[in-house]
Amino acid sequence: MEQTLQNLPKHLIQRITSHATQWAKPQLDEALPSIGNPVWKMEKYLTICQSWRQSCLPLYSQEVSVTMDRQMQAIDQTHYWLPTIRSIMDCQAERFPRYAHMQVPFTAIVSGKLAQLLECEYPRAVFPRAEVIWLKLSKGPVDELQASRWGHNIREFVRVLRRLFPNVQLCSVSSMAVFSDEEHEVARHVGQLVAELVRVSTGVKYFAAGNHYLERTKLARCLGMTSITYAECAGAPVFMTLIRNNRRTLQHLNLVANTPELFAKLLVPIQSEPVEFPEMQRLSVVCTDPDYHRASAISTPGGVPFPKLEHLTMHQSYYPFANDALFRGNHSRSLTFMSIELQLDDTMLLREQGVLAAGKFARLAHMELSINLRNQYVDKQQAASIARIPWEIAPRIRHVQVEVPGFAFKDIFLESLSRATVAAQIEFLQIDHVALTIEDVVRVLQRMPRLNQLRIDPEGNGLGAGGLAELKRRYPEPLAPRLRHVLFGMGTYVDMEDAAHFALQLAVICPQLACVRWTSYSSLFVDNCNALVGQPEYREHAGRLRSVDWEKIK
C-alpha cells in the first residue's frame with residue numbers, strides 16, 4: 001500500500017507532532033514545574049484526519065488543568081495552554097491524562113466552593129491513569145468563611161480529588177503567595193491539607209513550598225511522606241522538623257539553602273543516636289551563596305546516614321562534614337549519579353579518607369565534578385592526584401563532566417585521561433575551563449571510540465587556515481565513529497574564524513559529526529563556518545560539511 005499522510009503509522013505521527021510542537025514529558029523532580037505543554041500547538045493536528053486525531057489524542061490529553069478565578073465563582077474558564085476537564089471529556093479522552101495541574105485559591109478549598117463546583121460540573125468525570133497532581137495555591141477572598149467547617153471542607157476536597165484521580169501517586173502542593181495577617185488563620189490549615197493528601201496518596205507524597213506562614217501550621221506533624229522539596233525561608237525550623245520526623249520514609253529530598261550549615265543540621269544526632277534516612281534514594285542540596293565561608297565548627301556524623309542513596313547532587317561552597325558521612329555505605333553499592341562541587345581541601349580530605357579512591361564507586365555511571373581552587377596553591381603532585389579522580393573512582397562511568405584545575409595543569413589532566421582504562425566506554429564528555437587545541441581534542445578522541453557528545457572550550461590558536469592538510473597527514477584514519485554533537489564553550493580569546501576552522505577540521509576527521517554549536521548562539525561563528533566551506537581548503541569535503549548543523553543540537 002502506498003504510504004500517504006493519512007495512513008502513516010501511529011508512532012511516526014506522534015514523533016512528527018512531538019517534534020513540531022516541542023512536546024515534553026513533565027519533570028517530576030521539579031518543585032514548581034512549568035505550566036505544561038502548549039495545547040494550542042497540538043490542536044491543529046487533531047483536525048488533519050481521523051487517523052491523526054486518534055494518534056495525537058494521547059499527547060493532547062497527557063495533562064489536564066483545573067483553574068479557578070480569584071472570585072471563586074467559576075472553574076476552567078480557559079484552555080489556552082492546557083486542556084480542561086471539559087475539553088478532554090468532549091474528546092472522550094478521559095483514559096489518557098497522566099498529569100493534573102490545579103491552580104486555585106486556597107480559600108476555595110477551605111470554604112468548600114471548589115469541591116462543590118467540581119461535583120456540580122463534573123459528577124461523572126474520572127481519570128483512571130492520572131498519577132501526578134500539581135496543586136498550586138493562590139490567594140482568594142476570606143470573607144464569610146466559616147472556621148468551624150474548614151477541616152470538613154478540606155477532607156471533602158480531598159475526597160473529590162480522589163474520585164477524579166483514583167490512582168494518584170504523587171501530590172505536589174506549592175504556593176509562593178504572601179498572605180496578610182487576617183489570612184494567616186486560613187493559611188495555617190495548609191498543614192492539614194498536606195496531611196490529608198499524604199493519607200490518601202498511594203505512592204510518592206511530595207510537598208514543595210517556601211512561605212513565611214508555615215511556622216503557624218501543623219505541617220511538622222505530617223508523617224509518612226516520601227518526598228520533600230524545600231527552599232529555605234523563615235519556615236526553616238518547621239521544615240527541618242518535618243524532614244527529620246519523616247526520615248524513615250523519605251525517598252527524595254531537595255534542599256535549596258542559604259548556607260551550607262542547613263544540610264549539616266539534618267544529621268544532628270537525636271538523643272545521642274545518629275540520624276539515618278534508610279530509604280533515601282535521591283538527595284539534592286544547593287546553596288544559593290557560592291561565596292559563603294566555612295564555619296569554624298563542622299560536624300562529624302556517625303552511623304550510615306544514606307545507605308540506599310542512588311542520585312546525589314551537592315552544589316554548595318564547601319563539604320559540610322569532617323568525615324565521609326555523605327558517602328558512607330552507598331558509594332560502592334547504590335550510587336549511580338553524582339554531581340558535586342568541592343573545594344581543594346574537601347577533595348584532599350575525601351581522598352585521604354578513601355572516598356575518592358580508585359574503583360570506590362562501583363555502580364556510578366554519571367559524574368559531574370567541579371573542584372574550586374579559590375586561589376589556593378596546587379603543586380604538581382596534588383594536581384596529578386586530582387586529575388585522576390574522574391577516571392579512577394568509577395569503573396562503569398559513561399557520562400563525565402569535569403571542572404578541575406586543568407587550566408594550570410592541562411598536560412597532567414590529558415595524560416591521566418590517556419592512561420584511563422574507562423576512557424573507551426565514555427559516551428558523554430564535558431571539560432570546562434581547560435582550553436584545548438584541536439590536537440588535544442584528537443588525543444582525547446583516540447581514547448574514546450564510543451563518545452557521542454563532547455563539550456569543550458576551544459583554544460583560539462589551533463591549526464588555523466591550511467591546517468586541514470597537516471591534520472589529515474598526522475591522522476589519516478577517521479576518528480570517533482559515534483561522535484554526533486560537539487558544543488564549544490567560552491574559549492579564551494577565541495577568534496571566530498579560528499573557531500570555525502576548528503569546527504570544520506573536526507567535522508572532516510569525525511565523519512559522523514552532525515552538529516557543532518557555540519554555547520550561546522553566535523551568528524558570527526555560523527557565518528564563518530558557512531563561508532569557509534566554500535574555500536579551496538575544504539572544497540573536497542564541501543558536500544559533507546554542508547550537512548553539518550552549525551546552529552543547534554537536534
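Start by selecting Pro 511, in the loop between helix 17 (496-509) and strand 16 (515-518). Keep in mind that this is a predicted model. Is Pro 511 buried, partly exposed or exposed? With a relative accessibility of 35%, Pro 511 counts as partly exposed.

Now show what surrounds Pro 511. Setting aside neighbours within four places in sequence, Pro 511 is in contact with Pro 478, Leu 479 and Arg 544. Add Ala 480 to the selection. Ala 480 and Pro 511 are 31 residues apart along the chain, yet their C-alpha atoms are separated by 8.0 Å.

**Next stop: helix 15**

Select residues 438-445, which make up helix 15. How many of the 8 residues are buried? The count is 6, so helix 15 is largely enclosed by the rest of the structure. Colour the buried ones: Ile 438, Asp 440, Val 441, Val 442, Val 444 and Leu 445.

What do these buried residues pack against? Two of the partners are strands: strand 13 (428-436) and strand 14 (453-458). Helix 14 (410-418), helix 16 (467-474) and helix 17 are also packed against by the buried residues of helix 15. You met helix 17 at the start, on one side of the loop that holds Pro 511.

**Next stop: Ser 385**

Go to helix 13 (residues 380-392) and pick Ser 385. Ser 385 has 14% relative accessibility; buried means under 20%, so this residue counts as buried. Which residues is Ser 385 in contact with, leaving aside its neighbours within four places in sequence? Show Met 348 and Arg 351 to see them.

**Last stop: the aromatic rings**

A search of the whole structure finds 12 aromatic pairs. Select Phe 127 and Phe 165 for one of them. Their ring centres are 5.7 Å apart and their planes are at 25 degrees. Planes under 30 degrees apart count as stacked, so this pair is stacked.

The pair links distant parts of the chain, with the two positions 38 residues apart. Phe 127 is in the loop between helix 6 (113-121) and strand 3 (132-138). Phe 165 is in the loop between helix 7 (150-164) and strand 4 (170-174). Phe 127 is buried, at a relative accessible area of 0%. Phe 165 is also buried, at 0% relative accessibility.

Now select Tyr 319 and Phe 327, another stacked pair. Here the rings are 6.3 Å centre to centre, with 20 degrees between the planes. Both residues are buried. Finish by adding Phe 263, Phe 321 and Phe 361: ring pairs link these three with Tyr 319 and Phe 327 into a cluster.

Terms used
Residues are numbered from 1 along each chain as its sequence is written. This is a predicted model: local features need pLDDT of at least 70, side-chain atom pairs count only at pLDDT 80 or more; totals for chains, interfaces and linings use all residues. Side-chain values use heavy atoms; hydrogens and water are left out. Rings of Phe, Tyr and Trp (its six-membered ring) pair if their centres lie within 6.5 Å; planes under 30 degrees apart count as stacked, over 60 as edge-to-face and the rest as tilted. Helices (H or I, at least four residues) and strands (E, at least two) are DSSP runs, numbered from the N terminus. Buried means under 20% relative accessible area, exposed over 50%, partly exposed in between (1.4 Å probe, protein chains only). Contact means heavy atoms within 4.5 Å.
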